[in-house]
Every structure is written in C-alpha cells, then in structure tokens.
Amino acid sequence: MTENTVSDVLVVEQSVLHSQYLEREVTIDAYLPQSSTQGPLSLLLINDGQDLPTLGFESILEEGWSRREIEPIICVGIHCGPERKREYGTAYSPDFKGRGDKAGLYTKFIFDELLPYIRKRYGITSFKDKSFAGFSLGALSALDIVWNHASEFSRAGVFSGSLWWRRKGYEEGYADENDRLMHLQVRKGVFCPWLRFFIECGLMDEKADRNRNGVIDSIDDALDLVVELKAKGFTDDHITYLELEDGSHDVASWGKAFPTFLRWGWGL
C-alpha cells in the first residue's frame, strides 16, 4: 500500500488485490477526500485507472473540491491487465473475434472482490450511490456493467466508448440495427428511471465512416445509442451527450471532458 497526500483536500492510495476470477493481481488507485464528511459518500469506479495520472485526475479533483464545485466522492481507478481485450467488453456476448470472453468474470470481480475490498479497506457500510466510467473499451465495459446491474448504479460515464462492439464482421452480413452488442442490449432491456448517462465523443475520434454518411462511426454509434435509450423511455434529463470539436481518441481529450462529467454528476 502506498499513500500520497496530494494536498489538504485529496489523498491517493494505491493497493493491489488478488482476483481469483481474473487469476491476476489487480492494482487500484483510490482518490479520497482528505477531510471527513457527514453521511455516506458516492463511489465512482473508473476502468483503465492506469491512465488517470496522465489525464491529470488529481488536479481535476483537487480543483473541483477546493472550489467547492463538486461534492466529496470516493473515486477508484482500476488498472487494466494484460488481457484487457478479453476482460473488457460485454458480458452479454463476446464480439465477432471472440474478444470480451472474460467480461463476465470481470463483472464478478467488481461485485464479489473489488466492492467488498473497498468497503473493508475504508470501513464503509454503504455508499450514497455508485457510478462507473471508462474510456474506449473500458467505457463499453463500464456501461455494460451499469446497464445489466441497474439496481446497483446511478450513473454511467462513457468517454469515446467502443460502441461499435459487434457480433458480426462487416463481411459477415453485419447490420447496425442487429449486430452492435450494446445497442442490442438496450433495445432488449428495461427502463430504469434513476439511471443517468454521460456520453462523450470527439469529432476527431477516428476517420472510419462505414455507411459513408459523412459522420465518423464513433459519433454515429454514440448518437444511435442515445436514440435507443430514448426509445426505451430515457429523456434529455437522463442523458448528456458531449461532443468535443477538437476531441480525439486519447487521454488528453478525456481529461478535457472529465471536469464537465464530474460537475454533471456531483456538482454543488
């Protein structure tokens, strides 16, 4: 266990726990408010936690808390492992290349190993609420877990999400309407009015345009997800879509969007 007191408002602790489900050591970084607060705190889990230092996450939290722009919350960054493309994805189904086949085990790790560890390590009996965010494939994983365990979560943060994740290749008769795995799950799912979604995408996230409509696929996939959510009953009160004109598929762009996400979810 290593502890780094960043400022008078923020403490960062790194620890490692062994996962029997994933058969590996998992490094986590806990970002904690320095001062004690009354009542339970919200918990934000973040996939690809190894990218948070590069993203400038400590400074983002320190500034938000010092300026009293966001409420104190517990943030836990989960470092990915060497089998990231197998552990992240959709537990519903692997993609057309068999990737994401350990997504179900990753979900079990979150609920059966990580959350109990956090509660025990920090003496927490209950959270105010729980949310999950991620970047790229980690964003798809976070959204998948929130959607399929809605009773456990309040929010999902999707930054440049790999919403193209599909069960058929383009040469195998792929169709947007039938083969994008996250969209399919939403269509088959139920309306949970307490859930809220923050979806970010950049105009320079990629160059691919499979349907040649002049809109890059990542934005098409994000906007189509919004359509699916609204068809299920969610409204603009539940969904925030942030499109960055200068946004790319990189940590720097996600760092620009993260303060907006925090104010959206936990603003004072």
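These are my notebook entries on what I looked up in this structure.

**Entry 1. The model**

I am working from a predicted model. I keep that in mind for every entry below.

**Entry 2. Aromatic pairs**

I began with the rings. How many aromatic pairs does the structure hold? I find 23. I picked out F159 and F198, which form a tilted pair. Their ring centres are 5.7 Å apart, with 40° between the planes. This pair links distant parts of the chain. F159 sits in strand β7, residues 155–159. F198 sits in strand β8, residues 196–204. The two are 39 residues apart. Are these two residues buried or exposed? Both F159 and F198 are buried.

I then looked for a wider group around them. F159 and F198 belong to one aromatic cluster, together with Y31, F57, F135, W254, F258, F261, W264 and W266.

**Entry 3. Charges over rings**

I next checked arginines against ring faces. Which ring does the charged end of R166 sit over? I find it over the ring of Y170, 4.0 Å from the ring centre. R196 lies over the face of W264, at 4.5 Å from the ring centre. W264 is also a member of the aromatic cluster in Entry 2.

**Entry 4. R196 in its surroundings**

R196 deserved its own look. I place R196 in strand β8, the strand that also holds F198. R196 counts as partly exposed because its relative accessibility is 25%, and buried would need under 20%. I listed its contacts, leaving aside neighbours within four places in sequence. R196 touches S154, R155 and A156. It also touches D237 and H238. W264 and G265 complete the list. I also took one distance from R196. Its C-alpha is 8.1 Å from that of T240, although the two residues are 44 apart along the chain.

**Entry 5. Cysteines**

I searched the whole structure for disulfides and found zero. Why does C80 have no partner? The closest cysteine sulfur, in C75, is 19 Å from the sulfur of C80, so the two are too far apart for a bond. The cut-off for a disulfide is 2.5 Å between the sulfur atoms. C80 is partly exposed, at a relative accessible area of 26%. C201 counts as buried, with 2% relative accessibility.

**Entry 6. S218 and I216**

C201 came up again when I turned to S218. S218 lies in helix α8, residues 217–232. S218 is buried, at 10% relative accessibility. Beyond its neighbours within four places in sequence, S218 is in contact with C201, D205 and E206.

I216 is in the loop between β8 and α8. I216 is buried because its relative accessible area is 13%, and the limit is 20%. Outside four places in sequence, I216 contacts G202, L203, D205, E206, K207 and A208. D205 and E206 therefore appear in the contact lists of both S218 and I216, where contact means heavy atoms within 4.5 Å. I also checked I216 against G265. They are 49 residues apart in sequence and 27 Å apart in space, C-alpha to C-alpha.

**Entry 7. Helix α4**

I followed helix α4 along residues 103–121. It has 19 residues and reaches 25 Å from first C-alpha to last. That is close to the 27 Å expected at 1.5 Å a residue. Where does α4 bend? The bend is at I110, by about 35°. I110 is also one of the buried residues of α4. The others are A103, Y106, T107, F109, F111, E113, L114, L115 and I118. Just after α4, G123 takes a positive phi of about 60°.

**Entry 8. Helix α7**

I then took helix α7, residues 181–188. It is mostly covered, with six of its eight residues buried. They are L181, M182, H183, L184, Q185 and V186. What do they pack against? I find α5 (137–148), α6 (176–179) and α8.

**Entry 9. Positive phi without glycine**

Last, I looked at two residues that are not glycines. E23 has a positive phi of about 55°. It lies in the loop between β2 (10–19) and β3 (24–33). E23 is exposed, at 65% relative accessible area. R68 has a positive phi of about 55° too. I place R68 in the loop between α2 (57–66) and β5 (73–78). R68 counts as exposed, at 67% relative accessibility.

Definitions and conventions: Residues are numbered from 1 along each chain as its sequence is written. This is a predicted model: local features need pLDDT of at least 70, side-chain atom pairs count only at pLDDT 80 or more; totals for chains, interfaces and linings use all residues. Side-chain values use heavy atoms; hydrogens and water are left out. Rings of Phe, Tyr and Trp (its six-membered ring) pair if their centres lie within 6.5 Å; planes under 30 degrees apart count as stacked, over 60 as edge-to-face and the rest as tilted. Helices (H or I, at least four residues) and strands (E, at least two) are DSSP runs, numbered from the N terminus. Buried means under 20% relative accessible area, exposed over 50%, partly exposed in between (1.4 Å probe, protein chains only). A charge sits over a ring if NZ of Lys or CZ of Arg is within 6 Å of the ring centre and within 35 degrees of the ring normal. The expected span of a helix is 1.5 Å times one less than its number of residues. The bend at a residue is the angle between axes fitted to the seven residues ending there and the seven starting there.
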